[in-house]
Structure formats: structure tokens, C-alpha cells
Amino acid sequence: MTGERAPILGYLRPDGRKGIRNIVVVAYLVECAHHVGREIVSHFRGKDVHLIGFPGCFPNPYAQRMMERLCTHPNVAAALLLSLGCESFNKFSLSRIVETSGRPVATLTIQENGGTLSTITDGIDWVAQRLEELDGVTRVPMDPSELIIGTICGGSDGTSGMTGNPAAGLAFDRLVEAGAACIFEETGELIGCEEIMASRAVTLELGDELRASVAKAARYYATLGYGSFAPGNADGGLSTIEEKSMGAYAKSGSSPISGLIKPGDIPPRGGLYLMDVVPDGDVRFGFPNVSDNAEIVELIATGCHLTLFVTGRGSVSGSAIAPVIKICANPETYRRLSGDMDVDAGRILEGRAKLSEVGDEIFDLVLSVANGQATKSELLGHREFILTYKTFDPIGPACLPG
Amino acid sequence: MNDPRLLLLSDRDNVLIACRRIDAGEKIVIGRKPHVLAKTIELGHKLARCSIGAGEKVVKYGVPIGSATRAIEPGEHVHIHNLKSDYIRTHLIADTAS
């Protein structure tokens, strides 16, 4: 089936990676520069100019690395950096890294650039020039094996693990088979799945790392005072924590697990990867992920061209930089929010489709969206973005077996 | 062929999932055998696909989700009254917190 399909046309970057969108990012490096960034981006409504940023004034190596990865993401063609001037974010290093990647980059420092108005004006001019250069750029054929795809679930209910998540898992199986890199995450909702997950690891040592990542999540959430099983779960038909976790785990499909990565670690080749999103060390900066979009941003920083988002209750989120495909697990939610949903997976429950058909539909949609088709959240202008403080140790040698 | 109101998620499973609410007294078909529901089953809840012995793993999504605490008949509701987690420790975190 895949062989007869029109090839994906992508955007070749000077570093050799290929993107599925051609975006100019405007990145504020402290909250104090956020307004200037928003004004610049709002001048280009309907164009591929996206606002991202980090609000903190104090340094954080994780945030620095996230911004480096995001500004050199294959969907990004050029980056405008906005500094107030006295924040501690290393704008020089960020600018150098974007420049080395072969992308146009400029830094505007508000304190040295005459303040708000003149920085907005200069920023708009710079972005307008970049858009002119990008107009009519030639796209190149891109194989499905060059794609990196992420998956998350949010606003989950009892139907998520029955329809949307297993269907996303089937799509993941086909994508991995086609050579793509696929990433699942949420180790805090994989408690109880560690042994099954470890048995799917390509090496015994990687299996140990997968187990350890779930144990870390269990410790971290216990410190935060999380209960891992709410009464509502039982009302919805879930009997045990492992059953609840398994619903989320179903998104991973059935491929062997090729590696364990952390936010910003780009998968070295195709295959299925677990992303460990729970910080290392003592609980320091609060919740591991303040909202679904924090996880989506981490998936994007890890190279994801697009994200599969399974929802039961009905999230409407999209994202800056990379499209979000929304898979609605609950047929009643779909009827209420069809304008926000790309896939009606809940029809499995009503006998209107087989699981495999919805899996195939998701797979086909991934390739169409990769080839430029807009998702519902893109059409609606959703470009959510959030990045906060975290701490990670580098992954160990067993995490990415050769 | 199973009852269309019941969903089999994996061939290895010994439970079926209700795709919609099924009222007590209604007849359901599991395998080729009819069963009369003793109690109402809500959307998302589990029914035994076959006999499950006490202590046997309950399998959903092709993987164990806990162990049966007593013998379960085909067509019987499978939930917290006859199924327990094999990960008690995880439950205890929530219990001690409250």
C-alpha cells in the first residue's frame, strides 16, 4: 500500500535533516521579551511564524538545551531570538548553534534596540525578509523512514485505552515497520507495565534501564503526594493500576523497544523509543509536566515531526512547530467536538469500524499531514507552547544499544 | 462470533469489554453460548470471556492486569470484587496518603 502512495515532500535543511513544515520561530528568552515576540508574530497571522520561549530569568541547562533543539528542529527554517538584555539565558550560545545548523538567525536585545516599539518593527522586518526567501522553496522527496513521530494521551477516560490508544499503537507498528522512529512517554503512567516493557527491550541492559525509569517515576510521584489510582478510574471500569497504565501503554504498539531517551535526545535511527520525562535527582522544580503541551514540546525537542494525541474527554490543543493529530477515543466526545478532532476512534465502540481500520486511518493521516495536509488544530490556529525548569542527567550507555 | 456489544482487544485476552451499557437480564453471546446478565454492565467494564480460575491472571490488551481473587464464570463481571492488582505497593501509596 505504502509503495503506491505519492512520496512525501519535505524541506531539506543544511544539516541534512528534513522537515514537514517551513516555520520561522520567534523565541523570547525571558518572559520580559514575551510581549514583543507576541506583537511580532501577530503581525503574521495565518503565516508559518510561531512563537516559542522560556519565561525564566535564571539559568537552566535543560531549558537551554530544549531551546537549542527547538530552534534547530527540522520543521524550523529560521529563528529570531528576543532578549531583554539582563536575563541569564545564554543567547550567544543559542545563536551560534542555530547559525552552525545553517539557518538564518538574528538576536534582538530590547534594552539595546530602543525598547518595545523599535524592536517590534525590526523584528517584523527581519521575519518578513525570511518569509520572502522561503516563498517558493523547492521541496524534496522524503521517505517515511525519515519521520520521527511522538504520541501522548491527555484528557483520558475509560475509552482511551479501548480505542484511541490501541489504534495509535497499531499506527506506530506500521510506522516502525516503515523505518520511522516512534516515541512514547509518560513513565508515571507506565507503573505496572515495567516488566512487560522490559521484555520488549532489544537488550537485557536496556530492559533494566526501562524498569529503572518507571521506578524513578513511582518515587517522584510518591514524593509529590500523587495517588496513582482515583475512584473515578474504577467507576469507568478500570480495576487495577496496571490496567490503567496498560491503557496508556497501548499507544506504544507491539514493536521491540530500541532505546530509552530523555527530552532533547534525538533517536539515532528508526524504531520504537521510550522518552523518560521525569526529572533526575531530588524533586526540585515541581510537577514533571505541568500540562500536556509540556510533553508535546519535549517530544518536538526530541525531533518529532508531529505528535499523535489521544483524548477521551476532549483536549483541543495543538502545538507550535510540529502538527498535532487528535485522536478522539470517546464517540460522544467526538460528536460534541468534531471540529477539533482529526480521527473518530470511538466509532470502534459503536461497531462502525474495526481497530485495525482506525490504525490504518491514523497511519495514512500521518503521511498526509507529513506531506502538508493541515490538522484540525493547525487550521484553528492552535500553537500552544510551554517550557519550564527541569533537571536531567544524561542517559547511560545501555539506553541506546548499537 | 462474539456479541457486537462486546469488544475483544487481543486474542490472548480472557476478558471482553462492554462497548455500551448492557442492562441486567439482557442476553449476551460469548463464544457461541448465550448468557443472561446478572447485573448491569456499564461502558468500559469487563466480562469474563471464559472460565478464570482463582489466582489466574486476568489478561486484557494481551497482558496481565492483575489476578482473579476467586473463580470467575464466563459472562461474569470482572472488577475490583474478583480481581486484584499484582502491584499492591502502588495501591498502598494512595492508601497511606489518605
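## A walk through chain A and its contact with chain B

Start in chain A, where three strands make an open, antiparallel sheet in the order E2-E1-E7. Its edges are strand E2 (18–19) and strand E7 (140–142) of chain A, each of which pairs on one side only. Keep in mind as you click around that this is a predicted model.

Now select strand E1, residues 8–12 of chain A: three bridges tie E1 to E7(A) in the antiparallel sense. To see one of them, pick Gly10(A) and look across to Val140(A), its bridge partner in E7(A).

**Next stop: E13 of chain A**

Select residues 324–328 of chain A. How many residues of strand E13 are buried? Five of its five, so to speak a mostly covered strand. Show the side chains and check which way they go: Val324(A), Lys326(A) and Cys328(A) point one way, while Ile325(A) and Ile327(A) point the other way. That fits the general pattern, since side chains in a regular strand alternate between the two faces of the sheet. Don't skip over the lysine in that list: Lys326(A) is buried along with the others.

What does E13(A) pair with? Add strand E12, residues 306–311 of chain A, which runs parallel to E13(A) and is joined to E13(A) by five bridges. Thr307(A) is a handy one to click, with Val324(A) as its bridge partner in E13(A). Then add strand E14, residues 343–344 of chain A, which pairs with E13(A) over two bridges, again in the parallel sense. Here the pair to pick is Cys328(A) and Asp344(A), the latter being the bridge partner in E14(A).

**Over to the interface**

Bring chain B into view and select the residues in contact between the chains: you should get 28 from chain B and 28 from chain A. Together the two chains bury about 2300 Å², with 63% of that on carbon and sulfur atoms.

For the charged side of things, there are two salt bridges across the interface. One to zoom in on is Lys46(B) with Glu243(A), where the closest N and O atoms sit 2.9 Å apart. Switch on polar contacts, too: six residue pairs make them across this interface, counting pairs with both residues at pLDDT 80 or more.

Finally, color chain B by secondary structure. Strand E2 (15–18), strand E7 (63–68), strand E9 (83–84) and helix H1 (88–97) of chain B each give at least two residues to the side that touches chain A. Recolor that side by class and you'll find 16 nonpolar, seven polar and five charged residues.

How values were computed. Residues are numbered from 1 along each chain as its sequence is written. Chains are lettered from A and ligands numbered from 1 in the order in which they are written. This is a predicted model: local features need pLDDT of at least 70, side-chain atom pairs count only at pLDDT 80 or more; totals for chains, interfaces and linings use all residues. Side-chain values use heavy atoms; hydrogens and water are left out. Contact means heavy atoms within 4.5 Å. Buried area is the accessible area (1.4 Å probe) that two parts lose on being put together, summed over both. A salt bridge is a side-chain nitrogen of Lys or Arg within 4 Å of a carboxyl oxygen of Asp or Glu. A polar contact is a pair of N or O atoms within 3.5 Å; within protein, one must be able to donate a hydrogen and the other to accept it, and residues adjacent in sequence count only if both atoms are side-chain atoms. Helices (H or I, at least four residues) and strands (E, at least two) are DSSP runs, numbered from the N terminus. Ala, Val, Leu, Ile, Met, Phe, Trp, Tyr, Cys and Pro count as nonpolar, Asp, Glu, Lys and Arg as charged, and the others, Gly among them, as polar. Two strands pair if DSSP finds at least two bridges between them. Buried means under 20% relative accessible area, exposed over 50%, partly exposed in between (1.4 Å probe, protein chains only).
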